[in-house]
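Here is a walk through a two-chain model, for someone who would rather look at the picture than read a spreadsheet. Keep the viewer open as you go.

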Amino acid sequence: MMRNRLFLPFALLGAVLIWFVAWPLLRTITAVTPAALWHTLGEPEVAHAIGLTFGASAAATLLALVLGVPLAYLLARAAFPGKALVEAIVDIPVVVPHSAAGIALLMVFGRQAAVGKAFAALGIRFVSATPGIVIAMLFVGLSFLVNAARDGFRSVDPRLEHVARTLGASPWQAFWQVTFPLAWRSILSGVIMMWARGLSEFGAVVILAYHPMVAPVLIFERFESYGLDYARPVATLVILISLLVFLFLRWVGRDAEA
Amino acid sequence: MQKPEGGHLRIEHLRLRLGAFQVADLSLEVEDGQYFVLLGPTGAGKTVLLETIAGLHRPEGGRLWLDGEDITARPPEQRGIGFVYQDYVLFPHRTVAENVAFGLALRQATAWERALPWLARRRLRRLARAQAVTDALDLLHIGHLADRHPRHLSGGERQRVALARALVVQPRVLLLDEPLSALDPQRREALRGELRRIHRALSTTVLHVTHDFEEAVALADRIAVVHAGRIEQVGTPEAIFRRPATPFVAEFVGVRNLFAAQASPAGKGITRLAVGGLTIIAAGHAKGKVHLAVRPEDIVLSRHPQESSLRNVFQGRVTAIEPRGALVYVTVEVPRSGEKPLPLVAAITAPALETLALRPSDPVTAGFKASAVHVF
């Protein structure tokens, strides 16, 4: 192994950061007995909040996948006027404070707004309803997916598509048989990032839909109303499930390469 | 694999612009079954030109004809024109056999598989075992690599896979973009031989782009020298080297003594080359139709024949004396029975010319070592 005098001090500095993340998580997990966790999971309110959080985030990610992957491909391959602007717009949700994003969405999808009314005519409500949670998660997470997919497509040599075309592939076939499989790992990592982002979303969701309650809102409410002891089992549960799902998706991603 | 139907390519007043590269007005005709080489300096935009012929770029003007059909507006997948890139561009997520089967799988795809291409994976796996794929792999001597992934192959092996992948769908024209340039000299020579063998076996029309003059001469039926998006000269290898049409061509191909010859082994690491009545001795092994070249600097001139280790000594007459820089180029015509004399160009220094006191039409002896004869 290469020896370098810098390694030791750098490792010590890094260790502080790693401790800073791992220790609070570990403390939270170990502070609750398995029996208490099981009991918490049995509470209908908790189970519902967790299911809603995961489901809504999955729905938001799926939406972003369908709408965002084609956009990512365009950003990677095509030159068009206004491309820099489009790229900037994709990045904006990362820098906007999430509560502000919630307000902004309310301005468009609220009951008084035109778009909100149009959807209401179709029977879709956003305020204090699951669709509101989904669009809040979509807004705050789409940058991760689109950017990861764009970088993935960019790393695929366009000449691979060229060769596929000369061998008889339509652009559609070349995309699905060459480009997409090769960019898939990047897209999957974008999916994981966005989905995880959705699970943890509080600010934008709480403005659009305090109810029905997603897990982060439930934790906040229990903490506010009853204190740390009541909030902690739910927090532990959410952390554990998130970790498990995260590990699983990482494992799936690795498998896809082999 | 058999020869596909047709393969006559005509490029008519092609105009295109892509970044810094532009073609003003290029016309070219490649006959059915011909091995045509576009020879030009690196970075002359030859790749863009080939990609345009394949349908990957839209030209600004002009027409492309394939077997009498106007294919200018046709998408690449409907042209039947194969493409091999310099750096192979194999599908990294597929095995060698699957790479080769790729085009066949597309041809056999059902309507469902065309609409939902991710369903085609199983067909590709099955076709990787098909006879046509095995034949293509065998043709390129890579049958033993069928189940390997491209990342585990050497450059030469990858280029063979790329060739097999392009050939298995029987393209009417095969475009080769500097196919040998990324290889080390030994592999390059081996694969060059393969290209020649395959072309003889299949007589697929080939349009091959290179900056390497030796490669061009070794493979081409016809050569077009391109420069700055224009064609400087089209002709047989001999014509281009013997009678360069423009200063650029003369400069680019250099002054060389280049001749077509019939080679036969003469034992002891020596090859006998018949050049229309004359016999030239070369070191190494060669057989059949070849070209030979001798650098002017390697030719020794003397007033009288003298005993030496030179294996090639010819009596001739000086026909031209041309000072160029530090050297003087002396053309010596060696008479041949029943044929035009063979012109040899020797480069000697000005003082050497003075010592020999050579003048046009003087008799002179020209000699060179067997190891100075370059056969390809």
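Strand β3(B) and strand β9(B) run parallel and are joined by 4 bridges. On this pairing, Leu39(B) has Val225(B) as its bridge partner in β9(B). β3(B) also pairs with β8(B), residues 205–210 of chain B, again parallel and this time through 5 bridges. Leu39(B) turns up here too, with Thr210(B) as its bridge partner in β8(B). One thing to keep in mind while looking around: this is a predicted model.

How much of β3(B) is buried? 5 of its 5 residues, 35–39, are buried, so the strand is largely enclosed by the rest of the structure. Cover is found on both faces: Tyr35(B), Val37(B) and Leu39(B) are buried on one side, and Phe36(B) and Leu38(B) on the other.

Zoom out a little and you get the whole sheet. It is an open sheet of 6 strands in chain B, in the order β6-β7-β8-β3-β9-β10, and the pairing is mixed. β6(B), residues 81–84, and β10(B), residues 230–235, stand at the edges with a single partner strand each, so one side of each has no neighbour in the sheet. On average, neighbouring strands are turned by 20° against each other, direction ignored. Helix α6(B), residues 155–167, packs on this sheet and touches β6(B) and β7(B), the latter being residues 173–177. The direction of α6(B) makes about 175° with that of β6(B).

Now for the β10(B) edge. β9(B), residues 222–227, runs antiparallel to β10(B), and 5 bridges join the two. The hairpin they form has 2 residues between the strands, and Ala228(B) takes a positive phi there, near 50°. Two of the bridge partners are listed below.

| Residue in β9(B) | Bridge partner in β10(B) |
|---|---|
| Val226(B) | Ile231(B) |
| His227(B) | Arg230(B) |

Elsewhere in chain B, have a look at Phe368(B), which lies in strand β19(B), residues 363–368. Is Phe368(B) buried or exposed? Phe368(B) has 24 other C-beta atoms within 10 Å, and because the cut-off for burial is 20 or more, Phe368(B) counts as buried. Leaving aside neighbours within four places in sequence, the contacts of Phe368(B) are Val294(B), Asp298(B), Ile299(B), Val300(B), Leu310(B), Asn312(B) and Val373(B). Take Val300(B) from that list: along the chain, Phe368(B) and Val300(B) are 68 residues apart, yet their C-alpha atoms are separated by 6.1 Å.

As a whole, chain B has 11 helices and 20 strands. Its C-alpha atoms fill a box of roughly 80 × 50 × 35 Å along the principal axes. Chain B has 376 residues, and 41% of them count as buried. Of the contacts in chain B between residues at least 6 apart in sequence, 67% join residues at least 24 apart. On confidence, chain B averages a pLDDT of 90, and 98% of the residues score at least 70.

What about chain A? There you will find 12 helices and 0 strands. The C-alpha trace of chain A spans about 65 × 65 × 30 Å along its principal axes, and 36% of the 258 residues in chain A are buried. For contacts in chain A between residues at least 6 apart in sequence, 79% join residues at least 24 apart.

One helix to pick out is α11(A), residues 215–226. α11(A) has 12 residues and reaches 16 Å from its first C-alpha to its last, close to the 16 Å expected at 1.5 Å a residue. Which residues of α11(A) are buried? They are Ala215(A), Pro216(A), Val217(A), Leu218(A), Ile219(A) and Arg222(A). Straight after α11(A) comes Gly227(A), with a positive phi near 100°.

Finally, the two chains meet: 18 residues of chain A are in contact with 22 residues of chain B. On the chain A side, the elements giving two or more residues are α8(A), residues 158–166, and α9(A), residues 171–199. α9(A) gives the most, with 7 residues. By class, this side of chain A has 9 nonpolar, 6 polar and 3 charged residues. For the complex, the predictor gives an ipTM of 0.83 and a pTM of 0.83.

Definitions and conventions: Residues numbered from 1 in each chain as written. Chains lettered and ligands numbered in written order. Predicted model: local features only at pLDDT ≥ 70, side-chain atom pairs only at ≥ 80, totals over all residues. Contact = placed C-beta atoms within 7 Å. Nonpolar A, V, L, I, M, F, W, Y, C, P; charged D, E, K, R; others polar. Buried ≥ 20, exposed ≤ 12 C-beta atoms within 10 Å, placed from the backbone. pLDDT = per-residue confidence, 0-100. Pairing = 2+ DSSP bridges. Axes fitted to C-alpha atoms, helices over the stretch in contact; angles between N-to-C directions. Expected span 1.5 Å × (residues − 1).
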